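Please open the model in your viewer and keep the selection tool at hand. The tour proceeds by successive selections.

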Amino acid sequence: MYNEEEAARPYARAWVQAAQALGILEDVRADAAALEAQWQGSEVFREWARTFHSMPRAKHREVVDALWGETVSRPTRVLLEALSENGLMAALPHVLQVFRRLADMAEGRRAVLLEFAANPSPKTVALLTARAREAYGPKTEITIRVAPELGAGVVIRAGDLQIDGSLTGRLRRLSRAFHQPEQPGNSLF
């Protein structure tokens with residue numbers, strides 16, 4: 001089965017590596033933000049990207065040059081040309097997502113999301129922020145969100161790690177425990 005993120009990963013990895021080699025990762029981050037805004041803001045762009053345009057390689061380069069010209073860095077131009085040539089321009093949102101994650105890792109940045117069922121106290125936020133920065137480093141970016149659907153408690157997300165201390169999460173785990181077939185060593189009591 002086709003997985004857009006898996007298809008996007010080699011492009012994003014090469015994009016990050018090229019930006020690092022040239023010492024322009026911040027410029028490329030700005031390119032990525034501009035491309036994301038363009039993708040979100042232009043239905044015409046999204047429709048064009050979803051259609052493979054069979055043409056010679058030089059023509060793909062001309063199209064990229066006409067659309068972005070010198071407004072993007074060289075690694076970004078190369079990326080856009082490669083996506084266009086391979087009929088993968090529609091994968092751009094996935095490439096952008098993977099790029100951000102890889103660029104953050106390359107710079108030692110981590111993004112941590114703290115979701116609370118209700119507005120947390122400043123003391124709770126300070127404690128969890130300090131713990132996250134101890135675990136992931138000083139460049140850890142903390143996002144706080146109130147999600148009443150959690151019922152009570154907090155959910156902490158950092159990359160692939162998720163710690164669900166919410167009432168909704170506890171009820172979901174309890175429900176799964178009641179609906180799993182009985183296995184040795186898997187009893188509730």
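Select helix α6 (residues 92–106), which gives the most to the lining of the largest pocket, with five residues; helices are DSSP runs of H or I, at least four residues, numbered from the N terminus. The model is predicted: local features need pLDDT of at least 70 and side-chain atom pairs pLDDT 80 or more, while totals for chains, interfaces and linings use all residues. Residues are numbered from 1 along each chain as its sequence is written, and side-chain values use heavy atoms, without hydrogens and water.

Next, display the full lining: Gln97, Arg100, Arg101, Asp104, Met105, Arg109, Arg110, Ala111, Ala158, Gly159 and Asp160. A pocket is, on a 1 Å grid over the protein atoms alone, an open set of points where a 1.4 Å probe fits, with protein on both sides within 12 Å along at least five of seven lines; lining residues have an atom within 4 Å of a point. About 320 Å³ of space lies in this largest pocket, a volume being the space filled by probe spheres set on the points.

Add helix α1 (residues 4–22). The axes of α1 and α6, lines fitted to C-alpha atoms over the stretch in contact, come within 8 Å and cross at roughly 45°, on a scale from 0 to 180 degrees between N-to-C directions. That makes α1 oblique to α6 (neither under 35, over 145 nor 65 to 115 degrees). Among the residues in contact (heavy atoms within 4.5 Å) are Trp15 of α1 and Phe99 of α6.

Finally, select helix α5 (residues 74–85), whose axis comes within 9 Å of that of α1 and crosses at roughly 160°. That makes α1 roughly antiparallel to α5.

Terms used. Helix = DSSP H or I, 4+ residues; strand = E, 2+ residues; numbered from the N terminus.
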